[in-house]
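Please consider the following complex, chain by chain and then at the place where the chains meet. The account begins with overall architecture and ends with individual backbone details.

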Amino acid sequence: MATLSRHALWALVGIFGAFALAYVALNRGETINALWIVVAAVSVYLIAYRYYSLFIANKVMSLDPERMTPAYRHNDGLDYVPTNKYVLFGHHFAAIAGAGPLVGPVLAAQMGYLPGMLWILAGVVIAGAVQDFMVLFVSTRRDGRSLGDLVKSELGPIPGVIALFGTFMIMVIILAVLALIVVKALAESPWGTFTVGATIPIAIFMGLYTRYIRPGRIGEVSVIGFIGLMAAIIGGGQVAASPTWAPLFTFTGVQLTWMLIGYGFIASVLPVWLLLAPRDYLSTFLKIGAILALAVGIVFVAPELKMPSVTKFIDGTGPVWAGSLFPFLFITIACGAVSGFHSLISSGTTPKMIENESHMRLIGYGGMLMESFVAIMALVAASIIDPGIYFAMNSPLAVLGPTAASAAQVISSWGFVVTPEVLTQTAAAVGENTIIARAGGAPTLAVGMAQIFSVMFGGTAMMGFWYHFAILFEALFILTAVDAGTRAGRFMLQDLLGTFVPVMKRTDSWVGNAIATALCVATWGYFLYQGVVDPLGGINTLWPLFGISNQMLAAVALILCTVVLFKMKRERFAWVTVVPTIWLLACTLTAGWQKMFDPNPKIGFLAQVSRYQDALARGELLAPAKNVGQMQQIILNNQIDAGLSLFFMLVVVSILFYGVRSCWQAYRVAHPTTQEVGTPSTASQGAAA
Amino acid sequence: MFNDLSRLGKYLGQAARLMVGLPDYDTYVAHMKATHPDRPVMSYEAFFRERQEARYGGGTGRCC
């Protein structure tokens, strides 16, 4: 009876959630309220957390609350500190949540909100949260060592090096695609460019303040910085309205690209306290604040979804990104459903601060559910916009034509009725010259957030402010990621090059640092530039590569967890990691293959190569190339992208090979072969016996 | 009631600082006093700089 009543409440949550989900899924023809999606998502999260994560904690991994954690074993008050469960949850969530969960769902909305929503929910419960949780467990039981280290010790040195190379290339693609989002948002936008540019002097002032005026006072300097940011948004509006100032802050995509590349180099060789650290304070607090505000806003405003639940573009002909639902929807939404990058965080700072093994369930599984909820909110924000505006913002210029009239005509022909006036009025309402062809997610999300926030505060008069607030909040943490990522890439590169040229390894050598930084910036800068001049709009090329690489890393992490389960002699539970691994392998390998060999030049890189080569042979020029040199550049770019797809596929296949081998070796031995640090508590030994 | 509120405030402050990579200074001092009474304890300013360097200088990436 007691067990029955214990589950009764959860059964109610389940029934309620199933009802909301059915309402969302089976609704045809009429608009529905965003709250249905929120209710369905939260119910799924609660049930998954209560039952599935508990099953993983107790049965699959047998968490041991009595076992000493590295935070106690190596307690130094600095890196290794036993930390309150909820405080550490905040730390972990702030570290995993970035631009990814905000962008992917926005791009995926071209197929309607339903496919994206179902994948976000299914993906997080079965794959994403499982990965974060289990990597955290594996790392905590091994003194908080990093993913690369763990792959090396559990699978062997060769897969370890392969994983390191793979991680470096993922980093490069992430930096390029993040920087591309900023370029797309700021091109031809004096308001946005001024506001984001102003964050640099604001951050430098904060850096000097925390270094010399009031050392270490993070709270007060963040308040000062926040006031500066608000002033920068208002000032940006003045700049955009001024005929003398506006042209000074109006740049093309290519100009912004060179500025970002220069910025990336300078910012990553400056001392960290001057620019990186203070901007990190702003971006972290603004990110958490904006996410909370968005959650409150959606519940409070309860907007109607204007996007159909499923659009005709599920056949793969969509303008935002090309390719059919399988595998490309599952590649487009990586963060929010399953993100391999989290395995680096789960094996980074968090495992060194776990106070008790039983806390890992909330921090690992729960933290990822929270990130998934951010993805759901981004999907909602993209779906409350008029579909006509959504497609005007996210389709490439080559498809839409140069004017609002041509864009409106093209989009109306797809069945999403929109007039040129609506497009120009929307641009004017948010204080921009144009909103056409701004793929990349950030501007679309900003329009959605501006609609929600302006209902709560300020009405339509405040739309421009809220739009640029949203742009600022995304650009801020993207720039932080670019800066921090370039530094991380530099260290990785110095490590790799150091094996051949020993002097490169010396991180105190000015020349070595500069060379490695320049190489790292040049690599991501190349992909960024390529994306900006890409005939299909950049996002169409780079975002799938990012998705493939990110989920490939997730597959690597889940293979590692599978090997550990086999070594623990718990192979009867291996399906927990094997099922998502198979799914991720199917998605990444199919997508990688199609990106290389698909005969449609919108999808396949090699098809695009031969399209341009054929044109060149006939002596023709294809847009956007204006001369033979640019034609050859596009050919080379696509060849490199095809090579990268191949590289990612080879990485994942070789790790799979080594993973299966390690599982087989562990399976043949009769006793556990794990190499964990520390000893199980007496209580758990008794339970095991 | 006021005790609970002040404890909540303390945890919120700790959480906010740890989000940007700064662990609790009092915990550090208590740890040093308890386990390494022979070693010098960093001042708050030195502790702040040491942690800043450790968070950003070491080169772990940020999430997407």
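What percentage of the 689 residues of chain A count as buried? In this predicted model, the share of buried residues in chain A is 56%. The overall dimensions can be set beside that figure. Because a compact globule with 689 residues would have a radius of gyration near 26 Å, the 25 Å of chain A agrees with that expectation. Along the principal axes, the C-alpha atoms of chain A occupy a box of roughly 75 × 65 × 60 Å.

The secondary structure of chain A consists of 27 helices and zero strands. Its contacts can also be described by separation along the sequence. Among contacts in chain A with a separation of 6 or more, 80% are between residues 24 or more positions apart.

The next topic is the interface. Here 44 residues of chain A are in contact with 27 residues of chain B. On the side of chain A that touches chain B, the elements giving two or more residues are α4, α8 (157-186), α12, α14 (342-346) and α21 (463-498) of chain A. Of these, α21(A) gives the most, with eight residues. By class, this side of chain A has 26 nonpolar, 15 polar and three charged residues. For the complex, the predictor reports an ipTM of 0.94 and a pTM of 0.95.

Turning to chain B, its mean pLDDT is 88, and 89% of its residues reach 70 or more. Within chain B, helix α2 (residues 25-35) has the highest confidence, at 95, and helix α3 (residues 44-57) the lowest, at a mean of 90.

Helix α1 of chain B, residues 2-19, deserves a separate description. This helix has 18 residues and reaches 26 Å from its first C-alpha to its last, close to the 26 Å expected at 1.5 Å a residue. Which residues of α1(B) are buried? They are Gln14(B), Ala15(B), Ala16(B), Arg17(B), Leu18(B) and Met19(B). The buried residues of α1(B) pack against three helices of chain A, namely α4 (85-96), α10 (218-241) and α12 (276-301). Two of those partners, α4 and α12 of chain A, also appear among the elements giving two or more residues to the side that touches chain B. After α1(B) comes Gly21(B), with a positive phi near 85 degrees.

Some backbone details of chain A remain. Most residues other than glycine have a negative phi, and most peptide bonds are trans. Against that background, where in chain A is a cis peptide bond found? It joins Phe326(A) and Pro327(A), with omega about 5 degrees. Pro327(A) lies in helix α13 (residues 325-332) of chain A.

Positive phi values are found at Asp143(A), near 65 degrees, and at Lys569(A), about 65 degrees; neither Asp143(A) nor Lys569(A) is a glycine. Asp143(A) is in the loop between α6 (113-140) and α7 (147-155) of chain A. Lys569(A), in turn, is in the loop between α23 (539-567) and α24 (575-597) of chain A. Why does Asp143(A) count as partly exposed? Asp143(A) does so because it has 17 C-beta neighbours inside 10 Å. Lys569(A) is partly exposed as well, with 15 other C-beta atoms within 10 Å.

Notes
Residues numbered from 1 in each chain as written. Chains lettered and ligands numbered in written order. Predicted model: local features only at pLDDT ≥ 70, side-chain atom pairs only at ≥ 80, totals over all residues. Helix = DSSP H or I, 4+ residues; strand = E, 2+ residues; numbered from the N terminus. Expected span 1.5 Å × (residues − 1). Buried ≥ 20, exposed ≤ 12 C-beta atoms within 10 Å, placed from the backbone. Contact = placed C-beta atoms within 7 Å. Nonpolar A, V, L, I, M, F, W, Y, C, P; charged D, E, K, R; others polar. Rg over C-alpha atoms; globule rule 2.2 N^0.38 Å. pLDDT = per-residue confidence, 0-100.
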